[in-house]
Amino acid sequence: MPKAYWIAHVDVRDPERYKDYVATAKPAFERHGANFLARGGAYEAMEGAGRARNVVIEFPSLQAAKECYNSPEYQAAKAIRVTVADAEMVIVEGYDA
């Protein structure tokens with residue numbers, strides 16, 4: 001079964017409140033087997049408009065990635081995030097070699 005990935009590009013407007021989002025989302029990530037591969041850090045936009053924060057989270061499966069996003073824990077975190085940051089996010093199924 002291929003893994004899946006959340007890929008998020010984020011501009012944080014309120015860094016202090018964004019910490020509340022991160023703390024609130026943590027239980028959902030732990031419950032669904034999330035593994036952070038990239039979280040912030042230096043980046044270089046090669047094409048298109050970049051955002052200041054880029055995150056890649058690996059999940060055991062597409063189902064786990066979707067369940068995490070739709071979980072009550074993550075939806076509570078999302079309610080915080082949308083008030084303090086602008087973001088695009090996709091869930092991508094990985095390649096199963």
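Here's a quick tour of the structure shown above, starting with the whole chain and ending with a few residues worth a look. Keep in mind that this is a predicted model. The protein chain has 3 helices and 4 strands, and from the N terminus on they come in the order β-α-β-β-α-α-β. The radius of gyration is 13 Å, close to the 13 Å that the globule rule gives for 97 residues, so the chain is as compact as a globular protein of that length.

**The chain as a whole**

- Taken along the principal axes, the C-alpha atoms fill a box of roughly 40 × 35 × 15 Å.
- Out of the 97 residues in the protein chain, 30% count as buried.
- The accessible surface adds up to about 6,000 Å², and carbon and sulfur atoms account for 53% of that.
- Take the contacts between residues at least 6 apart in sequence: 77% of them join residues at least 24 apart.
- As for charge, the chain carries 12 positive and 14 negative charges, and the mean positions of the two sets are 5 Å apart.

**Strand E3 and its partners**

- Strand E3 covers residues 53-59, and 5 of its 7 residues are buried, so this strand is largely enclosed by the rest of the structure.
- One partner of E3 is strand E1 (residues 4-12), and the two pair in the antiparallel sense over 7 bridges.
- Another partner is strand E2 (residues 35-39), which runs antiparallel to E3 and is joined to it by 4 bridges.
- Val55 in E3 is a handy landmark: Ala8 stands opposite Val55, and Arg39 stands opposite Val55 too.
- Here's a general point to keep in mind while looking at strands: in a regular strand, side chains alternate between the two faces of the sheet.

**Glu58, in strand E3**

- Glu58 is found in strand E3, and with a relative accessibility of 14% it counts as buried, because the cut-off for buried is under 20%.
- Leaving out residues up to four places away in sequence, Glu58 touches Lys3, Ala4, Tyr5, Gly33, Ala34, Asn35 and Leu37.
- Glu58 and Ile91 are 33 residues apart along the chain, and their C-alpha atoms are separated by 9.7 Å.

**Arg39, in strand E2**

- Arg39 is found in strand E2, and it counts as partly exposed at 45% relative accessibility.
- Apart from neighbours within four places in sequence, Arg39 is in contact with Val22, Arg53, Asn54 and Val55.
- So Val55 turns up twice for Arg39, because it is listed as a contact and also stands opposite Arg39 in a pairing that needs at least two bridges between the strands.
- From Arg39 to Ala8 is 31 residues in sequence, with 9.4 Å between them in space, C-alpha to C-alpha.

**Helix H1 and the loop after it**

- Lys26 has its place in helix H1, where it is partly exposed with a relative accessible area of 49%.
- Lys26 and Ala77 are 51 residues apart in sequence, but C-alpha to C-alpha they are 8.8 Å apart in space.
- His32 is found in the loop between helix H1 (15-31) and E2.
- His32 is buried, with a relative accessible area of 10%.
- Setting aside residues up to four places away in sequence, His32 touches Phe59, Pro60, Ala64, Glu67, Cys68 and Ser71.

Conventions:
Residues are numbered from 1 along each chain as its sequence is written. This is a predicted model: local features need pLDDT of at least 70, side-chain atom pairs count only at pLDDT 80 or more; totals for chains, interfaces and linings use all residues. Side-chain values use heavy atoms; hydrogens and water are left out. The radius of gyration is taken over C-alpha atoms; the globule rule is 2.2 Å times the number of residues to the power 0.38. Buried means under 20% relative accessible area, exposed over 50%, partly exposed in between (1.4 Å probe, protein chains only). Contact means heavy atoms within 4.5 Å. Accessible areas come from the Shrake-Rupley method with a 1.4 Å probe; for residues, only the protein chains shown count as cover. Lys and Arg count as positive and Asp and Glu as negative; His and the chain ends are not counted. The place of a charge is taken as NZ of Lys, CZ of Arg, CG of Asp or CD of Glu.
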